[in-house]
Amino acid sequence: MENPEVSRREDGRHILNSSGSRPRHLLRLLRLLLIPNAPPWTHHQTLGYSSLTGISMERDHMKDLRRYLALKYIQYLVLSSSNAVSTLLGLLGSTYTMILLQSAKVSSKSTAVLISSLAQADILVFLSLVSDMVLGSFGASVSPGALALVQILLTANAHVSCVLLSCVAFEAYLITFLPSESQPLRTVRNARMICRVIWTLVAAECALFLMDDHLRASGASAPSRGPLGLLFQLSSVAADLLRSLSYILGILLRIINVYIYYKIFFSMSPRSRLKSK
C-alpha cells in the first residue's frame, strides 16, 4: 500500500511542476499549507470541479486565504514601497481574514496561526492612519516624537509581515520536500511561539528606534558625559547598526523567498517527470 505522506509529497511536486500558470501552482501549494492532511488532487478537482456537495463553502474559505497570502506577498516582498491602493486592500483583506479565521470551517493549523498573526499586524497600519489623521488636525503644533511614532508603527508592521511571510514560505518548503520529517516541527504550539518571538524582537527594535529619535530631537539637551551620556551614545550607535541590518535583512528575505519558490517550482522527482510527460 502506498505511503500517504509520500503520495502527498509527490502530488504536491507534480502540481507545482506540471504545465500551466505558475500563480495557480502557488495557490495550490498554499492549499497544502492550509490543509496539510488534504488528499491528493484528482483531475477534476484540479480544474475546480467536484461532484461532491457541502464543501463549497470550505473551499471558498481556503481560496480566500490563499488570495490573501498572495496579496501580502505582493505588498511586502514584491513592491518596493507601499501605496494607498495596496495599503487599503491589505487592511480590508486582513479584516476579512481575522473574521474568517474565527470560523469553524478553518482548521487550526500552524499556517493558520502564522496567517492570523500576519493579519493582526495590519492593526498597526490602522493605528498609524488614525494617529496621522489626529495629528494632522493639530497642524504645525505636532511634536517630532509623535510623527516618529507614526513612522515606527509602519516600520513594525512591515518587519513583522516580511518575517511572517518568510515563515510561511519556509513551511511550504518543508511540506513539499520534507513532509514527514518536518511534521513534528509544524505544530500550532511552535507557530505561536515563533509569532511571540517575532513580535518581541520587533517591539524591542522599535523601542530602540524611538529612543534614538527622541535623543536626536532633544539635541543639545541630551547628556553627553557620565554613564547616562555613554548609554545614549551606545543606543544611537545600536540604532544605526540595526537600521542597516534591517535593510540588509529585508533584501535577504526577498532573495530567500524567491529561492524557496524556485526550488519548489523546478525541483522535480523522477516520478513527477514521468507524470508531466
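## A walk through an all-helix chain and its pocket

Start with the whole protein chain in cartoon view: read along the sequence, it goes α-α-α-α-α-α-α-α-α-α. That's 10 helices and zero strands. Keep in mind as you click around that this is a predicted model.

Next, switch on the surface for the whole chain. About 16000 Å² is exposed, and 66% of that comes from carbon and sulfur atoms. Colour by burial if your viewer can do it: of the 277 residues, 39% count as buried. You could also show contacts. Taking those between residues at least 6 apart in sequence, 79% link residues at least 24 apart.

Now for the largest pocket. How much space lies in it? About 910 Å³. To find the middle, select Leu154, Thr155, Ala158, His159 and Cys162: out of the 32 lining residues, these lie nearest the pocket's centre.

Which helices should you highlight around the largest pocket? Try these, each of which supplies at least two residues of the lining:

- H4, residues 56–78
- H6, residues 110–136
- H7, residues 144–177
- H8, residues 188–218
- H9, residues 226–266

Give H9 its own colour, since you'll want to pick it out: with nine residues, H9 makes the largest share of the lining.

Last stop: colour the lining of the largest pocket by residue type. You'll find 18 nonpolar residues, 12 polar ones and two charged ones. Then zoom back out to the full run of 10 helices and see where the pocket sits among them.

Methods. Residues numbered from 1 in each chain as written. Predicted model: local features only at pLDDT ≥ 70, side-chain atom pairs only at ≥ 80, totals over all residues. Heavy atoms only, no water. 1 Å grid on protein atoms, 1.4 Å probe; cavity = no way out; pocket = protein on both sides within 12 Å on 5 of 7 lines; lining within 4 Å. Points joined across faces, edges and corners; volume = space filled by probe spheres on them. Helix = DSSP H or I, 4+ residues; strand = E, 2+ residues; numbered from the N terminus. Nonpolar A, V, L, I, M, F, W, Y, C, P; charged D, E, K, R; others polar. Buried < 20%, exposed > 50% of the residue type's maximum accessible area, 1.4 Å probe, protein only. Contact = heavy atoms within 4.5 Å. Areas by Shrake-Rupley, 256 points an atom, 1.4 Å probe, with all protein chains shown as cover.
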